Amino acid sequence: MIELVDCHTHSNFSDGDSTLRDNAMAARALGLSTICCTDHWGLPPWVDCSIAAERMGDYASQIAQLQEEFPDLHIIHGLECDWYPGCEDDIAQTKAGATFLLGSIHYLDQMAIDWSVDMRIWDQRGANWVWEHYVDQWCQMAASGIFNSLAHPDLPRLFWDQHRPSLDLAPLHDQMVDAARDAQVPVEVSCAALAKGLGDYYPERALLAKFLAAGVPLTVGTDAHRADRVGQGIYGLYAHLHAMGARSIQLPCPGGGWRTLEL
């Protein structure tokens, strides 16, 4: 049977509801071979879901302890790092030994793009502006060379029903594909969009097909924020990827590096 892996999970170190140990126990119960601990990180105060700076050492030590407790499970010390001006230096100074960095964009001009409680950027700037600026920043993030994978690449689709762009997204998709291909940085395929009722994965089929055609490597994850979501839907995601033409994904290894999982 093919390995089951989840390369995007959250705990109560950031905005998750479960402990790191809860997540590891859930992963083992499902027979996962690999789980990446990727709690949110960013230094500016408006990255308000971040691990507190004074807890970074405890985060690292708990992950190391769990790897000893669960020797049959690869538990990866990771972070989901927000992209913002100056984040490169912040990450280099404070990543505290993390070996798997997921790059993501949740804020533009210090305003959230995926939080229904704060819709200012959508109401003030409009969907076209959000998509254009998101893609511009996403391409800069891809080109930076500091991330191991890029999470939920078409995240603004979350508010598609209320804030649908009038512009053609195909040229923006092409920019993203070119940026990921040129940097040879993996892109995450995530179950989170299905869990949020969007009817497709992140990235949506049209964008995923372009990433695949360009030979962009892929990682997979659930973006679980509770232990009972860890690993959920990954087999279905594998089937989706295989139907789309993917034949392998990339898995981070403990301590760094990659291995390939054939689908």
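This is a short tour of selected residues and elements, with suggestions for what to select at each stop.

**Before you start**

The model is predicted, and local features need pLDDT of at least 70, side-chain atom pairs count only at pLDDT 80 or more, while totals for chains, interfaces and linings use all residues. Residues are numbered from 1 along each chain as its sequence is written, and side-chain values use heavy atoms, with hydrogens and water left out.

**Stop 1: H40**

Select H40, whose place is in strand β2 (residues 34-41); strands here are DSSP runs of E with at least two residues, helices are runs of H or I with at least four, and both are numbered from the N terminus. H40 counts as buried because its relative accessibility is 4% (buried means under 20% relative accessible area, exposed over 50%, partly exposed in between, with a 1.4 Å probe and protein chains only).

Now show what surrounds H40. Leaving aside neighbours within four places in sequence, H40 is in contact with H10, S14, D15, C49, S50, I51, E80, H106 and H225 (contact means heavy atoms within 4.5 Å). Pick out D15 from that group: its side chain makes a polar contact with the side chain of H40, at 3.5 Å. A polar contact is a pair of N or O atoms within 3.5 Å; within protein, one must be able to donate a hydrogen and the other to accept it, and residues adjacent in sequence count only if both atoms are side-chain atoms. For a distance to try yourself, take the C-alpha atoms of H40 and G78: they are separated by 9.4 Å, and the two residues are 38 apart along the chain.

**Stop 2: V135 and H152**

Go next to V135 in helix α5 (residues 127-144). V135 is buried, because its relative accessible area is 0%. Which residues does V135 contact, leaving aside neighbours within four places in sequence? They are L172, Q175 and M176. The C-alpha atoms of V135 and P153 are separated by 8.8 Å, with the two positions 18 residues apart in numbering along the chain.

Then select H152, in the loop between β7 (149-150) and α6. H152 is not a glycine, yet its phi is positive, about 25°. With a relative accessible area of 2%, H152 is buried.

**Stop 3: α6 against α8**

Show helix α6 (residues 170-183) together with helix α8 (residues 205-213): they pack at an angle of about 35°, with axes 10 Å apart. Axes are lines fitted to C-alpha atoms, for helices over the stretch in contact, and angles run from 0 to 180 degrees between N-to-C directions.

Display side chains here. On α6, the contact is made by A170, H173, D174, M176, V177 and A180, and on α8 by L207, K210 and F211. These residues divide into six nonpolar, one polar and two charged (Ala, Val, Leu, Ile, Met, Phe, Trp, Tyr, Cys and Pro count as nonpolar, Asp, Glu, Lys and Arg as charged, and the others, Gly among them, as polar).

Follow the chain to Q184, in the loop between α6 and β8. Phi of Q184 is near 50°, a positive value in a residue other than glycine. Is Q184 buried or partly exposed? At 47% relative accessibility, Q184 counts as partly exposed.

**Stop 4: β8, β9 and S190**

Select strands β8 (residues 187-190) and β9, which pair in the parallel sense over four bridges (two strands pair if DSSP finds at least two bridges between them). V187 stands opposite L218 in β9. In β9 (residues 218-221), L218 and V220 point one way and T219 and G221 the other, and all are buried.

Zoom in on S190, found in β8 and buried, with a relative accessible area of 0%. A polar atom of the S190 side chain lies 3.0 Å from the backbone nitrogen of A192. Not counting residues up to four places away in sequence, S190 touches Y201, Y202, G221, T222 and D223.

From Y202, step to P203: a cis peptide bond joins the two, with omega about -10°. P203 is found in the loop between α7 (192-195) and α8. Most peptide bonds are trans.

**Stop 5: the β10-β11 hairpin**

Finish with strands β10 (residues 248-252) and β11 (residues 258-262), which run antiparallel and are joined by five bridges. I249 has L261 as its bridge partner in β11. The hairpin has five residues between its strands, and G255 in the turn has a positive phi of about 85°. Four of the five residues of β10 are buried.
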